[in-house]
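This report goes through the fold, the nonpolar cores and some surface features of one structure. Please keep the sequence and the 3D view open while reading.

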Amino acid sequence: MTLAGIYTSNLRLTLNGGIPERLGDFGGVQLWSSLLGATVGGHPGIGGMAVEAFDAPLKALMLKGLGGDAAAHAELLTRMAVLLRRFFARKLGASDQDVEDLVQETLLAIHLKRETWDSAQPFTAWAYAIARYRLIDLYRRRRVRRSEPIESAEALFAEEVGDSSAGADVERLLSELPERQRVVLKAVKLDELSTAEAAARTGMSESAVKVSVHRSLKALMRRVRDEDR
Amino acid sequence: MKTDDLIAVMANDAKPAARFAIPRRLLLVAAATALAALAVLVPWLGLRDMGQAVADSSYWMKTVYTAALGLGGFLLTERLARPGSRSGRGAFVALAGILVLAAIAVAQLASLSSAEISAALLGSTWDTCPWRIGLLALPGLLAVLLVMRRFAPTRAALAGAAAGLFVGGVAATVYGLHCAETSAAFTLFWYTAGIALSTIAGALAGWRILRW
């Protein structure tokens with residue numbers, strides 16, 4: 001399904017009028033009204049079909065991804081990026097610099113902590129809990145930041161950064177990775193090489209490339225966490 | 001890095017994931033906790049006469065009680081290691097254990113004189129029992145917190161407390177291999193106090209280190 005397809009299916013859900021009161025073991029109302037948008041917030045308590053319809057495709061992708069299906073995993077993360085971007089934009093304001101960083105942090109957690117999803121539970125409830133946790137963490141980090149002194153007067157003249165999807169924080173964090181991991185990550189990401197091609201280029205074994213990529217992702221998440229501590 | 005690039009890298013990193021990763025790792029922790037506690041207990045305090053112990057219903061009462069608290073802690077930890085999960089039945093199991101033991105303790109004490117009641121409550125080791133259990137739980141507590149850091153608890157202190165209850169119950173069960181106290185009241189107070197030490201330590205440590 002394309003991204004536009006997801007959008008319209010969400011819309012259809014909305015028009016059909018429905019989110020249920022509860023969603024399994026989790027706080028369902030909060031989840032659906034906030035991950036899907038304010039439009040559906042006011043219509044609780046109508047049937048379980050809509051939840052099924054919305055969660056089922058994501059759940060199916062997640063299950064395939066857990067089985068090692070890279071394409072399904074990419075599709076899931078791409079769809080989640082759209083949902084998360086809207087969710088965080090609603091919470092922080094669309095132009096907030098931190099929106100895209102939060103999207104990336106949440107996607108990293110969805111990827112690295114995927115073992116903690118219980119497949120007997122809705123996928124979206126789990127993903128929402130992670131998104132909410134990252135958001136609360138941001139509020140906490142901002143509180144810390146606010147108490148710090150202003151670095152220099154140049155900040156007054158700094159231009160508004162136009163492209164909020166640049167993920168400036170993660171870019172800087174990336175530059176702090178060890179050389180080896182950075183080279184591998186750049187090969188895999190920028191030049192879209194397969195693991196085998198990246199291995200050939202960097203002179204590492206294929207499994208070493210895989211380990212290196214995984215470590216880089218973990219390092220990225222750790223650095224996000226350790227900032228401002 | 002653009003989000004699309006990040007997604008491409010993560011898709012590249014999508015190896016098949018282990019199934020039941022959380023319960024499996026926690027069971028390993030339970031085994032490691034028991035072995036570590038035993039390895040400390042045997043040279044330090046020694047075992048009681050186990051032939052006599054297994055024929056004694058009070059040994060089984062203590063064992064079932066501490067194992068129930070450990071099981072409750074396990075179930076709680078297993079839930080709290082996941083984002084957005086409610087605590088579930090683990091708390092019920094632990095609470096049921098405490099209530100049942102309290103009922104047995106009351107029944108036992110009802111027929112005793114006040115001097116006997118005091119003896120049943122304090123035994124001969126009340127002042128060392130909780131500390132020993134807490135100490136025996138320490139290696140397991142380290143192990144369970146390290147394992148929990150790989151998971152994604154969204155309530156750090158609560159998850160740490162559950163982990164402390166879990167390993168505290170296991171360590172107290174191992175301590176029962178040494179301790180020859182027989183009364184339900186003693187177990188209710190001092191074994192529970194030992195497990196509570198582990199639970200509190202878990203909550204404090206979890207609050208510090210289980211954020212991600």
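In what order do the elements of chain A run from the N terminus on? The order is α-α-α-α-α-α-α-α-α-α.

## Overall make-up of chain A

The model discussed here is predicted. Chain A contains ten helices and zero strands. Of its 229 residues, 48% are buried.

Among the contacts in chain A with a separation of 6 or more, 69% join residues that lie 24 or more positions apart. The chain has an accessible surface of about 11,300 Å². Carbon and sulfur atoms hold 55% of that surface.

## The largest nonpolar core

The largest nonpolar core counts 57 residues. Within it, the residues with the most contacts are M80(A), F88(A), L107(A), F123(A) and L217(A). Elements giving two or more residues to this core come from both chains: in chain A they are α3 (49-66), α4 (70-92), α5 (98-112), α6 (123-146), α8 (179-189), α9 (195-202) and α10 (206-226), and in chain B α1 (3-12). The most is given by α4(A), with eleven residues.

M80(A) shows how parts of the sequence come together here. Apart from neighbours within four places in sequence, M80(A) is in contact with L58(A), L107(A), I110(A), F123(A) and A127(A). Two of these names, L107(A) and F123(A), also appear in the list of residues with the most contacts inside the core.

## The second core

A separate core of 49 residues is also present. Its members include I22(B), L136(B), L141(B) and I195(B).

## A nonpolar surface patch on chain B

Which residues form the nonpolar patch on the surface? They are V40(B), W44(B), L135(B) and L138(B), and together they have about 370 Å² of accessible area. The elements that give two or more residues to the patch are α2 (21-44) and α7 (129-150) of chain B.

One of the patch residues, L138(B), sits in helix α7 of chain B. Its relative accessibility is 45%, so L138(B) counts as partly exposed. Exposed would require over 50%.

## A positive phi in chain B

F20(B) lies in the loop between α1 and α2 of chain B. Its phi is near 50°, a positive value in a residue other than glycine. Most residues other than glycine have a negative phi.

Is the residue F20(B) buried or exposed? F20(B) is exposed, because its relative accessible area is 57% and the cut-off for exposed is over 50%.

Terms used. Residues numbered from 1 in each chain as written. Chains lettered and ligands numbered in written order. Predicted model: local features only at pLDDT ≥ 70, side-chain atom pairs only at ≥ 80, totals over all residues. Heavy atoms only, no water. Core = buried A, V, L, I, M, F, W, Y, C linked by side-chain atoms within 4.5 Å. Buried < 20%, exposed > 50% of the residue type's maximum accessible area, 1.4 Å probe, protein only. Helix = DSSP H or I, 4+ residues; strand = E, 2+ residues; numbered from the N terminus. Contact = heavy atoms within 4.5 Å. Patch = residues over 30% accessible without salt bridge, like charges linked within 9 Å, V, L, I, M, F, W, Y side chains within 5 Å. Areas by Shrake-Rupley, 256 points an atom, 1.4 Å probe, with all protein chains shown as cover. Salt bridge = Lys/Arg side-chain N within 4 Å of Asp/Glu carboxyl O.
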